[in-house]
Amino acid sequence: MTDTENGQERLGVEIPRRGVDRQTLLDRLRALQAGDVRWREHKVFGLVYKHSDAHTEFLKEAHGLYFSENGLNPMAFKSLQQLEREVVRMCAALFHGGDGMAGCMTSGGTESLLLTVLAYRNHARRTRPWVRRPEIVVPESVHTAFIKAGECFGVRIVKTPCGQDYAADVREMERRITARTILLVGSAPCYPYGVLDPIAELGDLAARRGLPLHVDACLGGFFLPWLGDLGRETPPFDFRVPGVTSLSADIHKYGYAAKGASLLLYRSPAVFADQVFADVDWCGGAYGGATLAGTRPGGPIAAAWAALHALGREGYVENARTILEAAGRLIEGVRAVPGLCVLGNPVIGVVAVGATDPAVRMYAVADLLEARGWHINRLQKPESLQVILNAGHAAVIDPLLADLREAVGHVRAHPDAAFEGSAPMYGLIANMPLRRVVRKNLVAIFTKMHTVGEPGPEEAGEEEQDPVAVPPAVLWLMRTRARIARLFAARRGD
Ligand SMILES: *Cc1c(COP(=O)(O)O)cnc(C)c1O
């Protein structure tokens, strides 16, 4: 064996014959992280939810205590079963449910929603077997995990346009209910705009039509309950609404748990039972479980249990106060920038920023912000930007607004900025009828990323870095369309 075989240059190529020195490996991991987005400087939104350094250290300790435990067999690690039951019970109380309800923890919002769709599909198969092609009616703003679930479990997801306020349009949803409908969905709030759907009205509709209603509170489940303590009453979104039959809430978002923790709760154990898998014929023995995973890491369950207790209602309320104050400053600042607006009425720390002036192309603004180190989500329908605030962002609202003002000023003065950098590509995806082509490209990118031997995205050549490159003719069309839009806007005088 040569020295270099165990040196850094061989790492990640093949499993070394002799184990590599552990310090070398930890150094390598730290070096790799240096190239990531700088979330510790609060320049990233939504991917990391952090309460405080002290809380993070505490979470690591709780997580570490259950590093090896496995929730697969609840008879083996009874303590894990107890922790999960206690989390479900505490959350049932938080969401005004309680005794007689059934729920579980999952690995995240996506798994919670996959299980939701699976449960109601199975339930419909049992109770309404004549429904051959089940459908779920959702507002367009619903999380795309529902689309994924529809693909996985053969359920058609029927999207409904939102109202002017970006909230679910109850009448439009009612119009889409058919004999095949097995579930209605509302978000509290929705991921893109942070806008609360009218859950009480949806509950009425569901009760009237004899349909179940799932509330996706993955984002707001551990934020909305604190608003009342801060003098901001919000309409009920949970089991206080009689028509609500189930609810999902991510503890690893504003619950400040370790990643891998979401909660799924049903009013009726009979519906929960329809997500439970059981195989009594397997050679490996009778096997069952309530979630999609087999082996279930104990760490996230223990850390979620610990987080809810450690922060307590007061801890969450104080944190929400900081975030709402920051969101208020951001919203006020955005509204003061000519050409910008806030989409809808955001209720928590999630704010979507759009343009009132067609000359302000938000994807061009995003490119300029990105050049300054900000990692901001780009939304479509309409072209807009979105931030998800944590308490740490309170310190960067002013510099963010300053950069935003400057970027908008630049884009207004240089309308062609919308056709440079990555802006036209995003614009194309958002506006083109050729979505199938874009989708194929996206699938190709992910497949390539996971293919052995090919260069990773960072080593790829120029051309490969931009696989959805916009052809010049299309670019010309987009430019012309934008000019015409600006011309009309100028005529109208706005
Ligand atoms: C984040 C989110 C999800 C998906 O959760 P993951 O933990 O990312 O899988 C689903 N719904 C809403 C409203 C969300 O905000």
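## A walk through pockets, ligand and cavities

The second largest pocket has a volume of about 980 Å³, and that is where our tour begins. You are looking at a predicted model, in which local features need pLDDT of at least 70, side-chain atom pairs count only at pLDDT 80 or more, and totals for chains, interfaces and linings use all residues. Residues are numbered from 1 along each chain as its sequence is written, and side-chain values use heavy atoms, with hydrogens and water left out.

**Stop 1: the pocket**

Select E84, G103, C104, F272 and A290: of the 43 residues that line the second largest pocket, these lie nearest its centre. A pocket here is an open set of points on a 1 Å grid over the protein atoms alone, with protein on both sides within 12 Å along at least five of seven lines; lining residues have an atom within 4 Å of a point. Grid points are joined across faces, edges and corners, and a volume is the space filled by probe spheres set on the points.

Now colour helix 3 (78-94), strand 1 (102-106), helix 4 and strand 9 (287-289), the elements that give two or more residues to the lining of this second largest pocket. Helices (H or I, at least four residues) and strands (E, at least two) are DSSP runs, numbered from the N terminus. Which element gives the most to the lining of the second largest pocket? Helix 3 does, with nine residues.

Colour the lining of the second largest pocket by class and you should find 23 nonpolar, 13 polar and seven charged residues. For this count, Ala, Val, Leu, Ile, Met, Phe, Trp, Tyr, Cys and Pro are nonpolar, Asp, Glu, Lys and Arg are charged, and the others, Gly among them, are polar.

**Stop 2: the ligand**

Next, show the ligand and the residues around it: G108, G109, T110, L113, H143, Y191, D216, C218, L219, D250, H252 and K253. Each counts as near if one of its heavy atoms lies within 4 Å of the ligand. Helix 4 (residues 109-127) gives the most to this shell, with three residues. By class, the shell around the ligand has four nonpolar, five polar and three charged residues.

Zoom in on three side chains for polar contacts (pairs of N or O atoms within 3.5 Å; within protein, one must be able to donate a hydrogen and the other to accept it, and residues adjacent in sequence count only if both atoms are side-chain atoms):

- T110: a side-chain N or O atom is 2.5 Å from an oxygen atom of the ligand.
- K253: a side-chain N or O atom is 2.9 Å from a ligand oxygen.
- D250: a polar side-chain atom lies 3.2 Å from an oxygen atom of the ligand.

Of the 380 Å² of accessible area that the ligand has on its own, the protein covers 86%; such areas come from the Shrake-Rupley method with a 1.4 Å probe, and for residues only the protein chains shown count as cover.

**Stop 3: the cavities**

How many cavities of 30 Å³ or more does a search of the whole structure find? There are three. A cavity is a set of grid points where a 1.4 Å probe fits but cannot get out.

Stay with H143, Y191, D216, C218, L219 and K253, and add S187, P189 and C190: together they line the second largest cavity, which holds about 60 Å³ of space. Five residues of this lining are nonpolar, two polar and two charged.

For the largest cavity, with a volume of about 70 Å³, select L330, V353, L369, I376, L385, Q386, V387, L400 and L404. Strand 13 (384-388) and helix 12 (397-413) each supply at least two lining residues, and strand 13 gives the most, with three. The lining of the largest cavity has eight nonpolar, one polar and no charged residues.

**Stop 4: backbone details**

Return to P189, in the loop between strand 4 (181-187) and helix 7 (199-209). A cis peptide bond joins A188 and P189, with omega about -15°. Another cis bond runs from K381 to P382, with omega near 0°; P382 lies in the loop between strand 12 (377-379) and strand 13.

Finish with two tyrosines. Y166, in the loop between strand 3 (156-160) and helix 6 (170-175), has a positive phi near 70°. Y256, in the loop between strand 6 (244-250) and strand 7 (262-266), has a positive phi near 55°.
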